[in-house]
Amino acid sequence: MCQSAASCASLKLRKFTAGKLTAPVIQYKGISFQASQRFLRATSYQSSLGSFAHEGSLKSMQVANSRSKAISMRAQSRAGAHLSSFQSESPTSKKLEASSGDMNGTRGIIFRQLFDTSGSCTYTYLLGDPGAKEAILIDPVLEMVERDLAVVDDLGLELKYVLNTHCHADHITGSGAIKNLRPTVKSMIAEASGARADIHLQPGETVHFGDRHIEARATPGHTDGCMTFVSRDNGGMAFTGDALLIRGCGRTDFQQGSAETLFDSVHSQIFSRASRFAYPAMITGRHHSTVLEEKTFNPRLTKSKEEFRSIMQNLGLPYPEKIDAAVPANMACGIQD
Ligand SMILES: [Fe+2]
């Protein structure tokens with residue numbers, strides 16, 4: 001569990017300020033300045049940042065390049081009142097209606113697969129209930145927190161929980177930074193992970209957001225505290241973390257890893273239980289797979305347990321580049337030393 005709210009918040013703010021997320025440069029009315037944390041807190045952060053940046057970029061377009069200006073003027077002329085009203089609106093007034101079927105393509109659960117472009121190749125998943133407008137994020141990455149919260153805001157959602165499938169070794173979780181920016185958000189991770197969080201999950205627990213929920217299943221083996229989160233929506237979605245990757249699986253040679261345990265976890269909690277789609281924590285060249293596909297084609301987990309153990313013992317993988325920084329930070333809810 002996190003420590004008291006006050007000490008936890010002040011620690012996070014200090015670390016966040018000194019950490020990897022630097023204050024952005026704001027352009028407004030032709031003036032550039034670096035936003036302080038006080039500025040970001042005093043405004044509504046994403047919405048104000050978006051508004052300022054949007055106006056700044058329009059100014060730049062109009063004065064820096066005469067060709068752009070001419071194009072812009074022709075576009076305005078063609079678009080007429082529609083473009084004029086678009087330019088005069090702030091992003092805060094353009095929040096999409098979360099119950100709109102157009103936003104999600106269906107009237108079912110809101111679902112976004114977000115990719116870490118900063119280097120870890122992690123997938124972050126946003127799930128939202130279109131009625132209650134409550135949302136959860138699975139496996140947020142520190143460097144992508146601004147992007148993730150912008151998506152949440154654009155969709156008119158309120159973020160309720162941030163969950164980690166396990167204590168990651170390849171990136172620092174965005175949980176701490178998100179909690180700093182959105183103090184009502186609670187972090188979650190399996191109690192078996194030994195990591196700090198607001199709420200520790202037990203196997204079989206359900207996490208509710210609006211009328212939706214996910215079930216937390218224990219899938220240890222990559223680490224002791226790995227969980228797979230399962231939603232019944234969209235025909236069944238299993239967010240497998242690093243337990244099951246597309247045509248692969250997470251390594252088992254560190255962080256209490258055990259090939260035998262991982263084999264049993266995947267077969268008993270993922271392969272043998274009803275979920276149509278499998279969404280991993282990391283990209284392996286594909287965005288998602290189906291449980292049936294992996295049961296049929298996964299080159300490791302379709303083998304016998306003994307063959308699987310032999311494969312995992314002989315992978316010859318290098319020492320993880322970020323493990324020495326990532327694991328201690330993730331054990332502390334994403335706070336960096
Ligand atoms: Fe991992």
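How many bridges join strand β4 to β5, and in which sense do the two strands run? In this model, which is a predicted one, the answer is four bridges, with β4, residues 123-128, and β5 running antiparallel. To give one pair from that ladder, Y125 has I138 in β5 as its bridge partner.

Let me stay with this hairpin for a moment, since its turn has a feature worth looking at on the screen. Five residues lie between β4 and β5, and in this hairpin K133 takes a positive phi near 65°. As general background, most residues other than glycine have a negative phi, and I will come back to that point with two further residues.

On its other partner, β5 is joined by five bridges to strand β6, residues 158-163, and here the two strands run parallel. The chain gets from β5 to β6 by way of helix α7, residues 145-154, in a β-α-β crossover that is right-handed. I138, which we have already met opposite Y125, has L163 as its bridge partner in β6.

Is β5 itself mostly covered or mostly open? Strand β5, residues 134-138, is mostly covered, with five of its five residues buried. In a regular strand the side chains alternate between the two faces of the sheet, and it is therefore useful to take the two sides separately. On one side we find E134, I136 and I138, on the other A135 and L137, and all of these are buried, which leaves both faces of β5 covered.

Let me now move along the chain to a second sheet. Six strands form an open sheet with mixed pairing, and their order is β9-β10-β11-β12-β13-β14. Its edge strands are β9, at 206-209, and β14, at 289-290, each of which pairs on one side only. Within this sheet, strand β11, residues 227-231, pairs with β12 in the antiparallel sense over three bridges, and F229 stands opposite F239 in β12.

The loop between β11 and β12 holds R232, which has 15 other C-beta atoms within 10 Å and so counts as partly exposed. What separates R232 from I109 in space, given that they are 123 residues apart along the chain? Their C-alpha atoms are separated by 9.8 Å.

The next loop to consider, between β12 at 237-241 and α9 at 259-271, is where R247 is placed, and Q256 is found in that loop between β12 and α9 as well. R247 has a positive phi near 60° although it is a residue other than glycine, and for Q256, also a residue other than glycine, phi is likewise positive and near 60°. As for their surroundings, R247 counts as partly exposed because it has 17 C-beta neighbours inside 10 Å, and Q256 is partly exposed because 17 other C-beta atoms lie within 10 Å.

That loop leads us to α9, and to the last item, its packing against another helix. Two packed helices are described by the angle between their axes and the distance between the axes. Here the axes of α9 and helix α11, residues 305-313, come within 9 Å and cross at roughly 130°, which means that α9 is oblique to α11. The crossing in which α9 passes α11 is right-handed. If you would like to find the contact on the structure, look for A259, E260 and F263 in α9, which meet K305, F308, R309, M312 and Q313 in α11.

Technical notes: Residues are numbered from 1 along each chain as its sequence is written. This is a predicted model: local features need pLDDT of at least 70, side-chain atom pairs count only at pLDDT 80 or more; totals for chains, interfaces and linings use all residues. A residue is buried if 20 or more other C-beta atoms lie within 10 Å of its own, exposed if 12 or fewer, and partly exposed in between; C-beta atoms are placed from the backbone. Two strands pair if DSSP finds at least two bridges between them. A crossover is right-handed if, with the strands pointing away from the viewer, the path from the first strand over the helix to the second runs clockwise. Axes are lines fitted to C-alpha atoms, for helices over the stretch in contact, and angles run from 0 to 180 degrees between N-to-C directions. Angles under 35 degrees count as roughly parallel, over 145 as roughly antiparallel, 65 to 115 as roughly perpendicular and the rest as oblique. A crossing is left-handed if the near helix is turned anticlockwise from the far one by less than a right angle, and right-handed if clockwise. Two residues are in contact if their C-beta atoms, placed from the backbone, lie within 7 Å.
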